[in-house]
Every structure is written in structure tokens, then in C-alpha cells.
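User: I'm new to this structure and would like a close look at a single part of it, the sheet. Could you walk me through how it is put together and what sits around it?

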Amino acid sequence: MLKVEGSGQFLSSRVKDIRPSGIRAFFDLNVTGGDTISLGVGEPDFLTPEKVREACIQALREGDTKYTSNAGLMELREEISAYFSSNFALSYDPKQEIIVTVGSSEAVDLALRTVLNPGDEVLIPAPCYIAYEPITHLHGGKVVEVHATAEEQFKLTAQALEAAITPHSKVLMINYPCNPTGTVMTKQDWLPIIELMIKYNLVVISDEVYAELTYGSKHVSIASLPGMKERTIVISGFSKAFAMTGWRVGYACGPNELIAGMLKIHQYTAMSAPTISQIAALESLRYGLAAKDEMMASYNERRKLFVAGLNAIGLTCHEPEGAFYAFPSIVSTGMSSEQFALRLLGEAKVAVVPGHVFGTGGEGFIRCSYATSLVDLERVLERMGRFMQMIQFV
């Protein structure tokens, strides 16, 4: 009998090449023990609104547990269509231009798989969400990071983007409001970008899962601008703004041909999003918008307190205009972002994410989620303030 020398020999080269999540790898350390306060994982501290939970309990009692159509409940797709029309100046046909997915993460995966051929380049403004690079690699694409600087408040600029475009460029993958920086792009910011999209005939995958979480200015989807809807897949979900991370329900909107391509993959891999999660999403859009707005107001209060506190203790932080992350600079400490995060965890019992895991331009920063209570944020600022004073005298 042939002796097998370990199952690792059977792994594909693409799987071998990708790194584990930098966020999860850091939090595999004992970051939740004792008196540690975690600002690491991007998850709302609110419960899914009671009305939504009660609707799902009733649906379970009634035995509403069968498959939905592959594309998702028609009622949910109709509500998503109406929601986009009312809030983001976009009109999508619920029958042909919307697909409900297992979280926005599956939508990102489906979108990249649908448009990529081996060797195609995906342009990604960085610092950026850590999942885009490995998913691109798994599907045979090549990531080209476009450096977004702190001096530009981490906004994507046409100059930086055009310098990165090559004959192999096919996709611009964007995430605004941005994880990890909290950056928001305005209509004026987008105008020179869309000129390049049309000039170089690029497709856009726009992850807008934080679209509802903006402070001071309303979210502008790149798909809503002239010439962009036909070349853009818009991805969103219910995890962040609706406090539904564990329900795993997201969606994508876009041109019929691209959504149909995503649906072909989806029906063979996931079949459909969980029925009960779709019922929760439907209830959130119909009756949970007031709760969403209350959560948003709370995030804004926390944002103001926390960002002001970071600047006061010597950690320079630009004003995040969206999402629920602060991305302060730790360059003044002389430490790398990983060194700073590890020492802050060990000596101050505060868990943050080192910025280098978010790619180009992330080194020298840390990501802090302020989706936690004001009481905990005040405790964090006190601990970080003492830590900053201590390291000045070492």
C-alpha cells in the first residue's frame, strides 16, 4: 500500500500561496481574556432589532424553511430595488439585476469569479479590506495595489490610479466607505475616476457594505454616475448597518449579463442564501430602518469622542467620514504597527489590528473599531493614554 506522507501534498498551489487572515491571525492570540477590551473585529455591538428577530421566530413556527429561488426571495429583491432607488439614485430590475448571496463576502467572490480570466489585473486602492487580494489570487487574477495616502485622507486619486493601469488591467475593486480607513468618496472625487474607467474600459466591483454609515455627507455610489451603471457590480449586505453579521445575507446589483454569470456560479456552490436570513433582511428593510438610524446616531457619537481622544493622546488620526473605524498613525512611537499592537495588547489590555495587514500604506497605522460602548471607548482612551506616556520614557 502506498504510504501518504501528510495530506498537505494535496493542496493546490493557489491555496498554499494565500496567507491566513491577518485580522484573525492576530486575534488567535488570547485577546479576549481577562480585562482586555477589543477594538479589533468589525462587528456592531448592537443586537439585531427585536422586531426582526420576532418575525424570524414566527416564520420558523410556520415552517418557512424551504429553499428560495437561487437568486433569492422575490419580495426581498423588490425591497432592495426600492431601497436603492430611494437612497442611492439607482434603479435595478429585481428579476434580472439583483442576486441575494450568503453575505457580501460571497458576492465579492462571485463577482471576481465571473469577470476574471487568468492573468487579469485587479486594481485595488490600499490600505484595503484584506479579503480582496486572496480571493483575486484564488481565481487566477493578479492584484495591483494603488497607494492611497494619509495626506489625501486615503482617497483614491486619478493620478495614482492611471499610473497603475496596464494593458492587463480589467477590474477596479473599491470599498467606500472604506474598511479600514473610514474614507468616503464624493461625487467630485469620482468624476476623474470614471473618466479613466471609460477610457480604459474597466469593470468596477464596488463593495458598499458601509454605504448607510456616513457622517455629514450622503454616500455616492460610483454606479450612479454617468456611464458607470453598465460597467459596475454594486455589492452590499445587512451585516454592518443592520447589525446582522451572523445572519450571513448580502446581495449584488448590476447589469443583467454579469448578475446572470454570478447566478450560474451561485446555484452550484451555495444554491441560495438561508431562507430565514432572507426573511430577516426583508423585515429589516420594511420595518427596521428606524433602528438602523438609531444605531447610526450612536456610531457618530462614538466616532467624535474616540477620534478626538486619539488626537489628544498623540495618535494623529484623520477624520473618518464613514464606516466605524479609526485609523490613527503610530509613526511617532518609532514602532512598527505590529510591535505597537502587540505591546498595547500585552501592556494596556487593548486589542487593535496592525495596519500592515491591510496592504500598501497600512504600515505605520492601526485599525480601531469604535463599534463598542462609549464606556469601553473611554476606558480604551485612558489605557492608551497611559501607554503613550509610558513609552515616551522608555
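Analyst: Let's start with the strand order. This is a predicted model, and in it seven strands form an open sheet, arranged 2-8-7-6-5-3-4 with mixed pairing. The edges are taken by strand 2 (98–101) and strand 4 (142–147); each has a single partner strand, so one side of each is left without a neighbour in the sheet. Going from one strand to the next, the twist averages 20°.

As a quick bit of background, strands of a sheet pair through backbone hydrogen bonds, and they can do that either parallel or antiparallel. For one pair from this sheet, take strand 5 (residues 169–174) and strand 6 (residues 203–207): they run in the parallel sense and are joined over four bridges. If you want a spot to find on screen, look for I174, whose bridge partner in strand 6 is S206.

Now for what lies across the sheet. Helix 9 (residues 256–269) lies across strand 2, strand 6, strand 7 (232–237) and strand 8 (250–253). Its direction is at about 30° to strand 2.

Away from those strands, one loop residue is also worth a stop. H318 sits in the loop between helix 11 (289–312) and strand 9 (325–326). Its relative accessibility is 15%, and buried means under 20%, so H318 counts as buried. Leaving aside residues up to four places away in sequence, H318 touches Q153, F154, T181, T183, V307 and F327. With T181 there's a polar detail too: a polar atom of the H318 side chain lies 3.1 Å from the backbone oxygen of T181.

How values were computed:
Residues are numbered from 1 along each chain as its sequence is written. This is a predicted model: local features need pLDDT of at least 70, side-chain atom pairs count only at pLDDT 80 or more; totals for chains, interfaces and linings use all residues. Side-chain values use heavy atoms; hydrogens and water are left out. Two strands pair if DSSP finds at least two bridges between them. Helices (H or I, at least four residues) and strands (E, at least two) are DSSP runs, numbered from the N terminus. Axes are lines fitted to C-alpha atoms, for helices over the stretch in contact, and angles run from 0 to 180 degrees between N-to-C directions. Contact means heavy atoms within 4.5 Å. Buried means under 20% relative accessible area, exposed over 50%, partly exposed in between (1.4 Å probe, protein chains only). A polar contact is a pair of N or O atoms within 3.5 Å; within protein, one must be able to donate a hydrogen and the other to accept it, and residues adjacent in sequence count only if both atoms are side-chain atoms.
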